[in-house]
Amino acid sequence: DFLPTEVVCSKVAIELVAQETILRPKQTNRARRTSSRQAYADEDVVLHSTRTSFTFNVPRDSFPSFETDLIKLDWEIRFAFDIFTGTPAAK
């Protein structure tokens, strides 16, 4: 909800991402390494909508977030909003 501002949201995008971080690389002079895997992505045009919703499925073979002394797995839900201010230009 961007009210009471002049900001208008035209599109919402959502991603479910798994991030795996190697905490202790085999070689001690190497930095931590993180890799990401997108499990779900969707976007919805919401211009002039007062609300929107989404539903996504977590993959069956996925693990919950966990951390050991060697590796860490986290899940993130990422949102992106396409916005503009004022009224859209007429075409």
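How many aromatic pairs does a search of the whole structure find? The search finds 2 aromatic pairs, and they are the subject of the first view below.

The model shown in every view is predicted, so that local features need pLDDT of at least 70 and side-chain atom pairs count only at pLDDT 80 or more, while totals for chains, interfaces and linings use all residues. Residues are numbered from 1 along each chain as its sequence is written, and side-chain values use heavy atoms, with hydrogens and water left out.

**View 1. The aromatic rings of F54, F79 and F81.**
Ring pairs link F54, F79 and F81 into a cluster, where rings of Phe, Tyr and Trp (its six-membered ring) pair if their centres lie within 6.5 Å, and planes under 30 degrees apart count as stacked, over 60 as edge-to-face and the rest as tilted. Of the 2 aromatic pairs found in the whole structure, the one between F54 and F79 is edge-to-face, with 5.9 Å centre to centre and 65° between the planes. This pair links distant parts of the chain, as F54 lies in the loop between strand 2 and strand 3 and F79 lies in strand 4, 25 residues apart. F79 also pairs with F81, and here the rings are stacked, with 6.4 Å centre to centre and 10° between the planes. With a relative accessible area of 39%, F54 is partly exposed, a term for values between buried (under 20% relative accessible area) and exposed (over 50%), computed with a 1.4 Å probe and protein chains only. F79 is likewise partly exposed, at 44%, and F81 counts as partly exposed at 45% relative accessibility.

**View 2. The open sheet and its strand pairing.**
An open sheet is formed by 4 strands in the order 2-1-4-3, with antiparallel pairing; strands (E, at least two residues) are DSSP runs, numbered from the N terminus, and two strands pair if DSSP finds at least two bridges between them. Strand 2 (33–45) and strand 3 (66–67) stand at the edges, each with a single partner strand, so one side of each is left without a neighbour in the sheet. Strand 1 is joined to strand 2 by 12 bridges, and the bridge partner of K11 in strand 2 is V45. Strand 1 is also joined to strand 4 (residues 71–85), by 15 bridges in the antiparallel sense, and the bridge partner of V8 in strand 4 is F84. Strand 3 and strand 4 pair over 2 bridges and form a hairpin with 3 residues between them, in which F66 stands opposite L73 of strand 4.

**View 3. A network of salt bridges around K11.**
K11, E43 and D82 are linked in a network of salt bridges, each salt bridge being a side-chain nitrogen of Lys or Arg within 4 Å of a carboxyl oxygen of Asp or Glu. Side chains of opposite charge can pair when their charged atoms come close. Between E43 and K11 the closest N and O atoms are 3.6 Å apart, and because E43 lies in strand 2 and K11 in strand 1, the pair ties together parts that are 32 residues apart in sequence. Between K11 and D82 the closest N and O atoms are 3.5 Å apart, and since K11 lies in strand 1 and D82 in strand 4, this pair ties together parts that are 71 residues apart in sequence. K11 is partly exposed, with a relative accessible area of 25%, as are E43 at 48% and D82 at 35%.

**View 4. The surroundings of Q19 and T21 in strand 1.**
Q19 lies in strand 1 (residues 7–22), and T21 is found in strand 1 as well. The side chains of Q19 and S36 are joined by a polar contact of 3.3 Å, a term for a pair of N or O atoms within 3.5 Å where, within protein, one must be able to donate a hydrogen and the other to accept it, and where residues adjacent in sequence count only if both atoms are side-chain atoms. The side chain of T21 makes a polar contact of 3.2 Å with the side chain of T34, and T21 counts as buried at 13% relative accessibility. Not counting residues up to four places away in sequence, Q19 touches residues including K72 and D74, where contact means heavy atoms within 4.5 Å. The side chains of K72 and D74 themselves meet in a salt bridge of 3.7 Å, N to O.
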